[in-house]
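Here's a quick tour for anyone meeting this structure for the first time. Have a look at the sequence and the 3D view, then read on for the highlights.

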Amino acid sequence: MNRPLRIALVAGEASGDILGSGLMRALKARHSAVEFIGVGGPRMEAEGMSSAFPMERLSVMGLVEVLGRLRELLRRRKELIQTLIQARPDVFIGIDAPDFVLEMEQQLRAAGIPTVHYVSPSVWAWRQKRVLKIREACDLMLTLFPFEARFYEEKQVPVRFVGHPLADTIPLDPDRTLARKALGLPPDGPVVALLPGSRGGEVSRLGALFFDAAERLSALRPDIQFVLPCANEHRRKQIESLLEGRSVRVMLTQGQSHEVLASCNAVLIASGTATLEAMLFKRPMVVAYKVAPLTYCILKRMVRSPYISLPNLLAGKPLVPELIQDDATAERLVNAILPLLDDPSMQTEGFEAIHHALRQDASRQAADAVLTLIGVD
């Protein structure tokens, strides 16, 4: 009989909640008695996590924006560290959110608790000196992308490339007709998906811009149907407010982002994990990115990578247009997306090979790596 395990996990946002829930499911499949503690969202709670506080309290975007919440974040982290040292879990797994969890990992490891970091920070793009802290903080780094594992191997950090769970769950050949039927969309005619982000700050910066672009597109191509998946009820209310008085009609869905991506012909999308999803659905996209002006000035001086979107980073070349900060205008979004409606293959031909490379049964591989680390067969 397997000995009971206590596993601590902390996720900081919706994408981490997805990864965490998959890992928890895989751990339960491998081990019959597992208790989960820490912080997670609704998916992780559904897998048995009793979250210490709502995960959304950790979801803060940007260097400047975090300052307003810094006192709360530091207090919550200190309390979590104390709680976990007392609880003595068999392993601690920090999922993404490096600015919050790396300090936790360092202190927990110093207290004798094995630590795993799941999802590499972008140390290969900026703040590369963080790799020194990572080497001190975690016993094992689990990466979603192969180029990240190569970077850590060069820096002598224990690492394992596990692939990306989304590549496992999203079909290689998505069914557009079935998705449109599920959403109540007509089987024919162009559909453009609008994905301005899941955080309130992202929507406030990109929502109006995307709706400006949608109005211009609608004037040029009246047959276009626009669909926007709302991440939650808060985002839906925010989006409905931004749409008031607009001439363009946008169909809003509650969640269902995968159905929306499967149904569409092209996507206007915020930089982030959603660009990976759009790529796995083989949908052409135009990526936009806006942050507070001061945040952008700081990042511009620090970022070394030539790209910000995951499709371009994975391909090592500019597969998709990236419109950043002042370049992200409605006119440029429209000019970039119109050709993709007529010829999506000009962008999507490279997506298939990337999908296969990332399809590694990631949750199972991550669970195997965690259990091997702590000596559980």
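Helices (H or I, at least four residues) and strands (E, at least two) are DSSP runs, numbered from the N terminus. The expected span of a helix is 1.5 Å times one less than its number of residues. What you're looking at is a predicted model, where local features need pLDDT of at least 70, side-chain atom pairs count only at pLDDT 80 or more, and totals for chains, interfaces and linings use all residues. Residues are numbered from 1 along each chain as its sequence is written, and side-chain values use heavy atoms, with hydrogens and water left out.

**Helix α3**

- Helix α3 covers residues 70-87, which makes 18 residues. From first C-alpha to last, α3 reaches 26 Å, close to the 26 Å expected at 1.5 Å a residue.
- E72, L73, R76, R77, L80, I81, L84 and A87 are the buried residues of α3. (Buried means under 20% relative accessible area, exposed over 50%, and partly exposed in between, using a 1.4 Å probe and protein chains only.)
- Those buried residues take up an arc of only 165° around the axis, so they sit on the same side of α3. (The arc is that of the directions from the helix axis to the C-beta atoms.)
- Flip to the other side of α3 and you'll find R71, K78 and Q86 exposed.
- The cover over the buried residues of α3 includes the strands β1 (5-11), β2 (34-39) and β4 (91-95), along with helix α4 (98-110).
- Right after α3 comes R88, with a positive phi near 50°.

**Helix α10**

- In helix α10 (residues 233-243), the buried residues are R235, R236, I239 and L243.
- Look down the axis of α10 and its buried residues fall within an arc of 100°, so they line one face of the helix.
- H234 and K237 are exposed on the other side of α10.
- The packing partners of the buried residues of α10 are α9 (200-220), β9 (225-230) and β10 (250-254). (Contact here means heavy atoms within 4.5 Å.)

**The second largest pocket**

- How much space lies in the second largest pocket? About 230 Å³. (A volume is the space filled by probe spheres set on the grid points, which are joined across faces, edges and corners.)
- As for the term itself, the search runs on a 1 Å grid over the protein atoms alone, and a pocket is an open set of points with protein on both sides within 12 Å along at least five of seven lines, while a cavity is a set of points where a 1.4 Å probe fits but cannot get out. Lining residues have an atom within 4 Å of a point.
- The lining of this pocket is made up of I18, S21, G22, R25, A26, R43, P165, L166, D168, T169, H258 and S363.
- The elements giving two or more residues to that lining are α1 (14-30) and α7 (165-169). α1 gives the most, with five residues.
- By type, the lining residues of the second largest pocket split into four nonpolar, five polar and three charged. (Ala, Val, Leu, Ile, Met, Phe, Trp, Tyr, Cys and Pro count as nonpolar, Asp, Glu, Lys and Arg as charged, and the others, Gly among them, as polar.)

**Positive phi in the loops**

- V119 has a phi near 95°, a positive value in a residue other than glycine. V119 is in the loop between β5 (115-118) and α5 (130-137), and it is buried at a relative accessible area of 9%.
- K282 isn't a glycine either, yet its phi is positive at about 60°. K282 belongs to the loop between α12 (273-280) and β12 (285-289) and is buried, with a relative accessible area of 14%.

**Three residues to click on**

- G41 is in the loop between β2 and α2 (42-46) and counts as buried at 4% relative accessibility. Leaving aside neighbours within four places in sequence, G41 is in contact with D17 and M55.
- V248 is in the loop between α10 and β10. Is V248 buried or exposed? At 8% relative accessibility, V248 counts as buried. Not counting residues up to four places away in sequence, V248 touches F211, A214, E215, S218 and F226.
- L220 is part of helix α9 and counts as exposed, at 53% relative accessibility. L220 and L338 are 118 residues apart in sequence but 9.5 Å apart in space, C-alpha to C-alpha.
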